[in-house]
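Please open the model in your viewer and keep the selection tool at hand, since this tour moves from one selection to the next.

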Amino acid sequence: MTVVQSYMGDTHYKEMPEPSSLTSKTLDLLVHAIAINSAYTTKILPPEKEGGLPRQVGNKTECSLLGFVVALRRDYQPVRDHMPEEKLYKVYTFNSVRKSMSTVICMPDGGYRLFSKGASEIVLKKCTNILNSNGELRTFRPRDRDEIVKKVIEPMACDGLRTICIAYRDFPAGKEPDWENENDIVIDLTCIAVVGIEDPVRPEVPEAIRKCQRAGITVRMVTGDNINTARAIAAKCGIIQPGEDFLCLEGKDFNRRIRNEKGEIEQERLDKIWPKLRVLARSSPTDKHTLVKGIIDSTIGDQRQVVAVTGDGTNDGPALKKADVGFAMGIAGTDVAKEASDIILTDDNFSSIVKAVMWGRNVYDSISKFLQFQLTVNVVAVIVAFTGACITQDSPLKAVQMLWVNLIMDTFASLALATEPPTEALLLRKPYGRNKPLISRTMMKNILGHAVYQLIIIFTLLFVGEVIFDIDSGRNAPLHSPPSEHYTIIFNTFVMMQLFNEINARKIHGEHNVFDGIFGNPIFCSIVLGTFGIQIVIVQFGGKPFSCSPLNAEQWLWCLFVGFGELVWGQVIATIPTSHLKCLKEAGHGPGKDEMTDEEMAEDEEEIDHAERELRRGQILWFRGLNRIQTQIRVVKAFRSSLYEGLEKQDTKTSIHNFMTTPEFLINDYIHNIPLIDDTDVEESEGPLRQHFRASPPPSPNKNNNAIDSGIYLSTDVSKTPTSSCSPVSPLHSMETSL
């Protein structure tokens, strides 16, 4: 990044100005404002090679300003040595909301000087003065600001330049201002200069963006730059094209459109904007997070959008975390951004994202290729082994042979099909949906089609193979008989068909040219040829351990011919339109996780209601049972305590023995507030008591509230035993129970 245009002393310089054209005061203020009001870790170092460009270390924007000082044939380092970082009185670090940075230093006369830099239109609004051509202060009115914006800032922005305003303010000695109130400090500024910084687009970026768009990926730019600058850069990169229907908004306009009168974000309003939005300028990190969340939560499409976000700053952390895929810059990125991201671009290059897309799609396709091949082998092997064992009482494929087949389709096939290098052809199709199954309809067509071919060949050889080759039949052979040529031909033909079908499995989208790029994968070629060589050794020299009998050249040629027929049959299957095979629709495109039919939703609601009812019924039963147990424990404790007192006082009329043996004493067992499990339980539990006692309300209030709350009342018949019921020392009045 370099400064290519500037506005100083009422003059617009479209090239680097000569130092002699500037007054010494303006030049000194400019050098001090840039050198001091920048991170001291930002530096311009000499080029590594003679004739090369100077090396920039640190923030690229500040490096371009320091390079501007160097281009004016001034040195910024003596200024920093005279005013080290420890002597800086106050620093207002860059904030994405105010989009400016300010630094306060102490002056020799006891006053203070504030240097500020930031977004040009924002800092200019805080300026009340400007340096003229003589380096003197001139009143800067709103009308002058509008003129500079129209004649200087907008032309710079339209050229794709990032405009930065540099200003200062002097505070007189005396009363020290409130430095914590930044809004009252960074006002009444004096504009020193407005510079236009060029951030050149890397040559490979436009082509990378075109590849992304061709692959079905929509690229949007979210930046803090001026909207004119952002639009110009987006046009250079190819994000926006002439004649397209797109939106370029600023952060304020974006928030005004997506929020209601209460200031709340409405998804419906956001859904009207984001499909056409291509550039969001003067945005804050909150706007970036809002846009990412809005696109992810949107339901206007058939499927949920997959969002990837790039970022390098600390403020980009929430957006990187919210996105499905977060890309952080490895060189310029902060630790917070790297921690929140999923992938780190070590070269900070957009073209690396295209490589990540290619590799991601290649991994997905490699898994699908392996599944297509393995399922075909499994279907055929299981059907042949099961059917052969049921009909001929012996499987045509022996145990050791099956182990070799499993080795082919598991280990070797995974290495061969998973090591296909990514190609540009992967970017010529639209991305897969989030709920797309691994086995598509085309793959299902290939699996079933090749399985049918192999089963026809195997069963033909199994039942009429001895007639075709004029050999002895291997069916119904004795248990320990030597290996037969019949079953060896079946085994060899089966393996040959798998080898040629492995070539067919390289294509899963119905392509006809299955040999495209096959020599670009030496691992695949080595595994196929190696498997073929091992198969020759097993058949010719395996003998009894592999249940194989050596075959002659004619039999080998027939096995190869039938195996080669897999390639021809694959071309036949590829010519059949997948759309005509309606029976395979559900196999390849079943409902996703987020897609539910009305019947399923109704069933889920019934299950939820039923579950809630069962839960509530279980809770009620639990509390009822717990309450009954507590009540029984209280009754037992009460009668036990009264029994012990009765043993000590045998003559007492109110003892528990007298109480239990005197029919005048009554026990009242009232039904609790919480209903019991059912009425039959209540009747069964109360039955024995009702045989000996009669329930009636207590004639007088009980002094023990716990006994009343427990629902158990003991009383006497007043007409027959008045003294017993009124006795103040009765143990019935002192009985304690607790809930």
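In this predicted model, begin by selecting strands S15, S16 and S17, which form an open sheet in that order, with parallel pairing. Colour S15 (308-311) and S17 (343-345) to mark the edges: each of these strands has a single partner strand, so one side of each is left without a neighbour in the sheet. As you pass from one strand to the next, the twist averages 25°.

Next, keep S15 and add S16 (residues 325-329), and you will be looking at two strands that pair in the parallel sense over four bridges. To find a bridge in this region, select Thr310, whose bridge partner in S16 is Phe327.

Now turn to the largest nonpolar core, which has 50 residues, and select Phe373, Ile489, Phe491, Phe494, Val495 and Phe524, the members that touch the most other members. Showing the helices around them is helpful here, because you can then trace where the core residues come from: H14 (351-391), H15 (399-418), H16 (441-469), H17 (485-504), H18 (522-541) and H19 (553-575) each supply at least two residues. Which helix gives the most to this core? It is H17, with 11 residues.

Stay with Phe491 and, leaving aside its neighbours within four places in sequence, display its contacts, which are Leu397, Gln401, Trp404, Val405, Gln535, Ile538, Val539 and Cys548.

Finally, select Ile36, Val69, Ile164 and Ile166, which are included in a second, separate core of 35 residues.

How values were computed
Residues numbered from 1 in each chain as written. Predicted model: local features only at pLDDT ≥ 70, side-chain atom pairs only at ≥ 80, totals over all residues. Heavy atoms only, no water. Pairing = 2+ DSSP bridges. Axes fitted to C-alpha atoms, helices over the stretch in contact; angles between N-to-C directions. Core = buried A, V, L, I, M, F, W, Y, C linked by side-chain atoms within 4.5 Å. Buried < 20%, exposed > 50% of the residue type's maximum accessible area, 1.4 Å probe, protein only. Contact = heavy atoms within 4.5 Å.
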